[in-house]
Amino acid sequence: MEGAVRVQILSQAGISEVPSQYIQPPENRPTPVTNTKTSLSCDNVPAIDLSHKEKSVIAAIQEACQELGAFHVINHGVPTKLMDDLRRSCLSFFNDFPMEDKLKYACQPNSAASQGYGSRMLVSSENDTVLDWRDYFDHHTLPLSRRNPSFWPHFPPEYRGLVADYSDEMKVLAQRLFGLISQSLGLKASCIEDAIGEFYQNITASYYPPCPQPELTLGLQSHSDMGAITLLIQDDVGGLQVLKDGKWLTVHPLPNAILVLLADQTEIITNGKYRSSVHQAVTNASKARLSIATFHDPAKAVRISPAADLLSESSPPRYAPVVYGDHVSSWYSKGPEGKRNLDALLLDT
Ligand SMILES: O=C(O)CCC(=O)C(=O)O
């Protein structure tokens, strides 16, 4: 369970071998990013310019969603300065302040998805759970009633204002993307947003300290996100990979871009026409890496099922309806293992 150990402490101790809990079984170990035979380049992760004509944007989104479930957006309207300031501020929280001060914001032990400073994502107490080489800070940002800024770092001083401003910008962008994604399937623009209802938004800053044995570890294990859509920014270090046709594509950082990752509820609502993106983060030996993911999810009580307008006799539902909170509980207790919780909802068609 969530103890006081943070990966950064291990990394800073100068160990030459990672503790055994962080060693992945051979089949899950990363392929070296430099090995171009097995790790394809990110040219396959398209960058979609949102300032182009809507018709061409919708066509590009349709292709990207069908091919990969992941794409960059550029000219997205989110101020570059805000993205840079937030990245700098999050990095400063992890790098510039004493551990004892940071631990005042520690996540609650034994509780899934509690906000705060943590390291261990799953609530499973099984000893065989392999740990991620990652520390994080998770914020509950929307609806406003979930916000408890006293739980957000008071240092560096600008941190809390930046998270609040960034939350607003991400909400607007997520709404715009849901409209475009719905239209790319011939649905009315509000279709996906209507299915999700009020957004539950979390912002998670992930910090991956240098790792002495990157070939044995993962910064974040293979998973698809359980909600509806994730908007991710990263620094220039790189380490994110998305799965395509059984191979890991490295998503090289694209300055000022925002990466869009389709998540499980969008796969259900689109009846599998669009798949959620399976992704993982790898570590490296020399440089800490930072990413900031903004998750947009339904409320726990919302029941998600394939959109009626996509169903017909020749296109029956492929997923059983699910109450979102049940999907979340299953994800946190069993672990993601790629997409096993979503696959469990697949119907025989
Ligand atoms: O660090 C990354 O690039 C991935 C983060 C991520 O997948 C997550 O927070 O769920």
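Here are a few exercises on this predicted model, each with a worked solution.

Two notes on conventions come before we start. Residue numbers run from 1 along each chain as its sequence is written. Because the model is predicted, local features need pLDDT of at least 70 and side-chain atom pairs count only at pLDDT 80 or more, while totals for chains, interfaces and linings use all residues.

**Exercise 1. Find the strand order of the sheet of 8 strands, and name its edges.**

Step 1. Start with the vocabulary: strands (E, at least two residues) and helices (H or I, at least four) are DSSP runs numbered from the N terminus. Two strands pair if DSSP finds at least two bridges between them.

Step 2. Read off the order, which is E1-E2-E10-E7-E12-E5-E4-E3; this sheet is open and its pairing is mixed.

Step 3. At the edges are strand E1 (47-49) and strand E3 (116-118), each of which pairs on one side only. From one strand to the next, the twist averages 25°, with axes being lines fitted to C-alpha atoms (for helices over the stretch in contact) and angles running from 0 to 180 degrees between N-to-C directions.

Step 4. Add the helix: H2 (residues 54-67) packs on the sheet and touches E1, strand E2 (70-74) and E10, with its direction at about 160° to that of E1. Contact here means C-beta atoms, placed from the backbone, within 7 Å.

**Exercise 2. Is strand E7 buried or exposed, and which strands does E7 pair with?**

Step 1. Apply the burial rule: a residue is buried if 20 or more other C-beta atoms (placed from the backbone) lie within 10 Å of its own, exposed if 12 or fewer, and partly exposed in between.

Step 2. Since 6 of the 6 residues of E7 are buried, the strand is largely enclosed by the rest of the structure. Ile229, Leu231 and Ile233 point one way, and Thr230, Leu232 and Gln234 the other way.

Step 3. Now the partners: E7 pairs with strand E10 (residues 258-262) in the antiparallel sense over 4 bridges, and leucine 231 has valine 260 as its bridge partner in E10. E7 also pairs with E12, again antiparallel, over 6 bridges; there, isoleucine 229 is matched with histidine 296.

**Exercise 3. Which residues touch the most other members of the largest nonpolar core?**

Step 1. Define the core as a set of buried Ala, Val, Leu, Ile, Met, Phe, Trp, Tyr and Cys residues joined through C-beta atoms within 7 Å.

Step 2. Among its 83 residues, the answer is Ile229 and Val260. Helix H5 (residues 159-184) gives the most to this core, with 10 residues.

Step 3. Look at valine 260: not counting residues up to four places away in sequence, its contacts are Ala70, Phe71, Val73, Leu177, Ile229 and Leu231.

**Exercise 4. Describe the residues around the ligand.**

Step 1. A residue counts as near the ligand if its C-beta atom, placed from the backbone, lies within 6 Å of it.

Step 2. The shell is made of Thr204, Ser206, Leu220, Asp225, Leu232, Gln234, Leu240, His279, Ala281, Ser291 and Ala293.

Step 3. Sorted by class, there are 5 nonpolar, 5 polar and 1 charged residues, where Ala, Val, Leu, Ile, Met, Phe, Trp, Tyr, Cys and Pro are nonpolar, Asp, Glu, Lys and Arg charged, and the others, Gly among them, polar.

Step 4. Strands E5 (200-208), E7 (229-234), E11 (279-281) and E12 (289-297) each supply at least two shell residues.

Step 5. Leucine 220 also stands opposite alanine 281 in E11. E6 and E11 pair in the antiparallel sense over 2 bridges, within an open antiparallel sheet of 4 strands ordered E6-E11-E8-E9.

**Exercise 5. How many bridges join E4 to E3, and how many join E4 to E5?**

Step 1. E3 and E4 pair in the antiparallel sense over 3 bridges, with tyrosine 136 in E4 as the partner of glycine 118.

Step 2. E4 and E5 are antiparallel too, over 7 bridges, and aspartate 138 is bridged to threonine 204 in E5.

Step 3. As for burial, strand E4 (residues 135-142) is mostly covered, with 8 of its 8 residues buried.

Key. Contact = placed C-beta atoms within 7 Å.
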